[in-house]
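The exercises below are to be worked with the sequence and the 3D structure side by side. Each task is followed by a solution in steps.

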Amino acid sequence: MSVRDMYREVILAHAQDPLHSGKLPDATDCVHRENTSCGDAIDLCAIVKDGVLVDLRYESAGCAISTASASMMTDALIGMTKADAAAMLASFRAFLIEHSELDPKLEELDALEGVRQFPARIKCALLAWQALEEILKKT
Ligand code: ZN
């Protein structure tokens with residue numbers, strides 16, 4: 001199995017059985033974002049307490065890349081401080097757009113490396129993260 005196929009497996013596994021999806025009844029903040037170029041939509045909700053992302057959940061509709069990115073993002077970020085989450089956002093964005101090294105804490109998101117060649121797909125991969133950015137600004 002090539003590395004590229006392995007990455008595809010990771011993306012499909014997350015898209016088919018996304019982690020941390022569903023409603024978050026005690027959410028302190030929720031954000032809705034859409035990527036009209038692909039038809040992806042996400043509602044991301046968070047419980048933020050004392051500057052920590054205590055929990056994150058989302059309901060998403062769209063392509064495998066947008067769902068897989070949301071699944072891996074929430075799995076990596078739950079329990080982090082807002083400051084650390086903001087640093088992860090910067091790292092992931094730079095990884096996609098500037099092809100820089102990904103922070104080791106986001107290692108699984110490395111599976112989205114192939115997306116970097118396709119600007120339209122980068123929007124899919126960033127959708128959940130843009131919703132996160134709104135939450136980090138608000139709370
Ligand atoms: Zn998409």
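His20 lies in the loop between helix 1 (3-16) and strand 1 (29-35), where helices (H or I, at least four residues) and strands (E, at least two) are DSSP runs numbered from the N terminus. The model is predicted, so local features need pLDDT of at least 70 and side-chain atom pairs count only at pLDDT 80 or more, while totals for chains, interfaces and linings use all residues. Residues are numbered from 1 along each chain as its sequence is written, and side-chain values use heavy atoms, with hydrogens and water left out.

**Exercise 1.** Determine what is notable about phi of His20, and whether His20 is buried, partly exposed or exposed.

*Solution.* Begin with the backbone: phi of His20 is near 60 degrees, a positive value in a residue other than glycine. Then take the accessibility, which for His20 is 24%, so the residue counts as partly exposed (buried means under 20% relative accessible area, exposed over 50%, and partly exposed in between, with a 1.4 Å probe and protein chains only).

**Exercise 2.** Identify the protein donors of the zinc ion and describe their spacing in sequence.

*Solution.* First collect the donors (N, O and S atoms within 2.8 Å of the metal, or 3.2 Å for Na, K and Ca; water is not among the atoms, so sites may look incomplete). They are the SG atoms of Cys38, Cys63 and Cys124 together with two OD entries from Asp40, lying 2.1 to 2.7 Å from the ion. Next, reading along the chain, the donor residues follow the pattern C-x1-D-x22-C-x60-C. Finally, consider burial: Asp40 is buried at a relative accessible area of 2%, whereas Cys38, at 29%, is partly exposed.

**Exercise 3.** Find the salt bridge partners of Asp29 and Arg93, and locate each pair in the fold.

*Solution.* The search criterion is a side-chain nitrogen of Lys or Arg within 4 Å of a carboxyl oxygen of Asp or Glu, and over the whole structure 9 salt bridges are found. For Asp29 the partner is Lys138, with the closest N and O atoms 3.2 Å apart. This pair links distant parts of the chain, strand 1 and helix 4, 109 residues apart. Asp29 itself is buried, with a relative accessible area of 13%. For Arg93 the partner is Glu133, at 3.1 Å from N to O, and this pair joins helix 3 to helix 4 across 40 residues. Arg93 is partly exposed at 25%, and Glu133 is partly exposed at 23%.
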